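Q: Please take a close look at one part of this structure for me, namely how strands are paired in a sheet. I am new to it, so start with the rule and then walk outward from there.

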Amino acid sequence: MTKASVNKNKTEKVLKLILGLTAGIILAGQDAVAIQAPVALGSAGTFAVLAATTVTTIPTTTINGDLGVSPGNTVTGAPIVNGTTYTNTPGVAATAQGDLTIAYNDAAGRTLDAITVAGNLGGQTLPPGLYKSAASLEISSGDLTLDALGDANAVWIFQMGTTLVTTVGRQVILSGGAQAANVFWQVGSSATIGGGSVFKGNILAYTSIAMNTGATLQGRALARNGEVSLDSGTITIPTVTSSAVLQSSAVLAGPYTDASGQSLNVATKTITAPASGSMQFYRIRSGTALSIKNINTSGGNVAITYN
C-alpha cells in the first residue's frame, strides 16, 4: 500500500470519527438529568447553620458559611464564623427560614422511584436516589458510603418520619464522584450527629439539630423550628463542581457508555478522549444542558469544548 493511500485511509477514518461525533452530538447531545433533581435551598443556601430559636456553641466551634437565627435572635459560645451572622436583623435570616420551609416541603414531598429503607444504614453502599423511611434512620455499627457511579451530578434524598442519629465516630463516605452539596437529609423531627462523626450533606430538620463533641459536617445544619447546638466541631458549606462526561456508542441508537481514557478540564470546558479507529457516535452526559462549541482531532485524541 502506498503512502498516499495510507494517508487517505487515515483521513477517511478521522472524517468518519468527526461525522460520528457530530451526529451523536446533534441527536443526543444532552442526556437526561439525574432521576432526582437537587433540592433548591434558595437564600438558605448561604447558611452553614440556620436555626429558629437559638444557636448554642462550645469553643472552639468553626462555621464556614453564614450563621442565622430567626425568629429567635440568640447565639451563644462565640463561634468562629467565616461568613456573616444574622439574627433576624434586617430580616435576612427570616427570609432564609422561609426558603428553608419551601426546600423542606420539596424534599419531603418527593415520590418518584422512592426506595423504602428502615433502621440502620451503617455498613451499606447506596447509589443515587430517593430513600424513604416512615420512622427514624441511623448510621451505626458501620459507615455509610454514597457511590455516585461516576456521575458528579448524582443526587441523594433521604426522607425520614422522625429522627436521624449517628453513633460516635461514624462517617458518611462519598465515592464515585459524589458531592456533599447533592445530598439532602429531610428529618421529620430532630437530628443528632454523634461525637467525632464525619457527616456529609444538607440536614433539613423540622425541629432541631445537635452535633456532639468534635463532629464535623460538610454540608448545612438547617433547623426549621428549634435550635442548632454545636460542640467544638466544624461545619463547612460544600462546593459543587459541574461535571460533563463523554459517552460513546458504535451506533447512533446506543447503548452509550462512558468513553474510556477521557479527561475533563473544567476551567477550559474541554473533554479529551482517545480517537477511535472506527466510526463512533458521542454524546455528553451532564446534569445541565450543554452546547458543543468545537471538535478537534490531534495526536490521536479528540478534544470537545462546550459551554
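A: Start with the rule. Two strands count as a pair if DSSP finds at least two bridges between them. Keep in mind that this is a predicted model.

Now look at strand E27, residues 270-274, and strand E30, residues 301-306. They are joined by 5 bridges. The rule asks for at least two bridges, so E27 and E30 count as paired. The two strands run antiparallel. One bridge can be named by its ends: threonine 270 has threonine 305 in E30 as its bridge partner. In general, strands of a sheet pair through backbone hydrogen bonds, and the pairing is either parallel or antiparallel.

Step back to the sheet itself. The sheet is open and has 4 strands. Their order is E26-E27-E30-E29, and the pairing is antiparallel. Which strands sit at the edges? They are strand E26, residues 263-265, and strand E29, residues 292-298. Each edge strand pairs on one side only. Neighbouring strands in this sheet are turned against each other by 20° on average, with direction ignored.

Next come strands elsewhere in the chain, linked by their side chains. How many aromatic pairs are there? The count is 5. One of them is formed by phenylalanine 47 and tyrosine 86. Their ring centres are 5.7 Å apart, and the planes meet at 55°, a tilted arrangement. Phenylalanine 47 belongs to strand E1, residues 47-51, and tyrosine 86 to strand E7, residues 85-86. The pair therefore ties together parts that are 39 residues apart in sequence. Are these residues buried or exposed? Phenylalanine 47 has 1% relative accessibility, so it counts as buried. Tyrosine 86 comes to 19%. The limit for buried is under 20%, so tyrosine 86 counts as buried too.

A second ring pair is stacked. Phenylalanine 158 and tryptophan 185 are 4.1 Å apart, centre to centre, with 10° between their planes. Strand E14, residues 156-160, holds phenylalanine 158, and strand E17, residues 183-187, holds tryptophan 185. This pair thus ties together parts 27 residues apart in sequence. Phenylalanine 158 is buried, at 0% relative accessibility. Tryptophan 185 is buried as well, also at 0%. Both rings belong to a cluster: ring pairs link Tyr131, Phe158, Trp185 and Phe199.

A ring can also meet a charge. Arginine 224 places its charged end over the ring of tyrosine 104, 4.8 Å from the ring centre.

Charges meet charges too. The count of salt bridges is 2. In one, aspartate 106 meets arginine 110, and the closest N and O atoms are 2.8 Å apart. Aspartate 106 is partly exposed at 29% relative accessibility, while arginine 110 is buried at 16%. The other salt bridge joins the side chains of aspartate 143 and arginine 170, at 3.0 Å from N to O. Aspartate 143 lies in the loop between E12 and E13. Arginine 170 lies in the loop between strand E15, residues 164-166, and strand E16, residues 172-175. So this bridge ties together parts that are 27 residues apart in sequence. Aspartate 143 is partly exposed at 22% relative accessible area. Arginine 170 is partly exposed at 21%.

Last, the backbone in the loops. Serine 141 shares its loop with aspartate 143, between strand E12 (137-139) and strand E13 (144-147). Serine 141 is not a glycine, yet its phi is positive, about 50°. Serine 141 is exposed, at 65% relative accessibility. Aspartate 113 also has a positive phi, near 55°. Its loop runs between helix H2 (92-109) and strand E8 (114-116). Aspartate 113 counts as partly exposed, at 48%.

Where are cis peptide bonds found? One joins proline 59 and threonine 60, with omega about -10°. Threonine 60 sits in the loop between strand E2 (54-58) and strand E3 (62-64). Another runs from serine 70 to proline 71, with omega near 10°. Proline 71 is in the loop between strand E4 (66-69) and strand E5 (74-76).

Definitions and conventions. Residues are numbered from 1 along each chain as its sequence is written. This is a predicted model: local features need pLDDT of at least 70, side-chain atom pairs count only at pLDDT 80 or more; totals for chains, interfaces and linings use all residues. Side-chain values use heavy atoms; hydrogens and water are left out. Rings of Phe, Tyr and Trp (its six-membered ring) pair if their centres lie within 6.5 Å; planes under 30 degrees apart count as stacked, over 60 as edge-to-face and the rest as tilted. Buried means under 20% relative accessible area, exposed over 50%, partly exposed in between (1.4 Å probe, protein chains only). A charge sits over a ring if NZ of Lys or CZ of Arg is within 6 Å of the ring centre and within 35 degrees of the ring normal. Axes are lines fitted to C-alpha atoms, for helices over the stretch in contact, and angles run from 0 to 180 degrees between N-to-C directions. A salt bridge is a side-chain nitrogen of Lys or Arg within 4 Å of a carboxyl oxygen of Asp or Glu.
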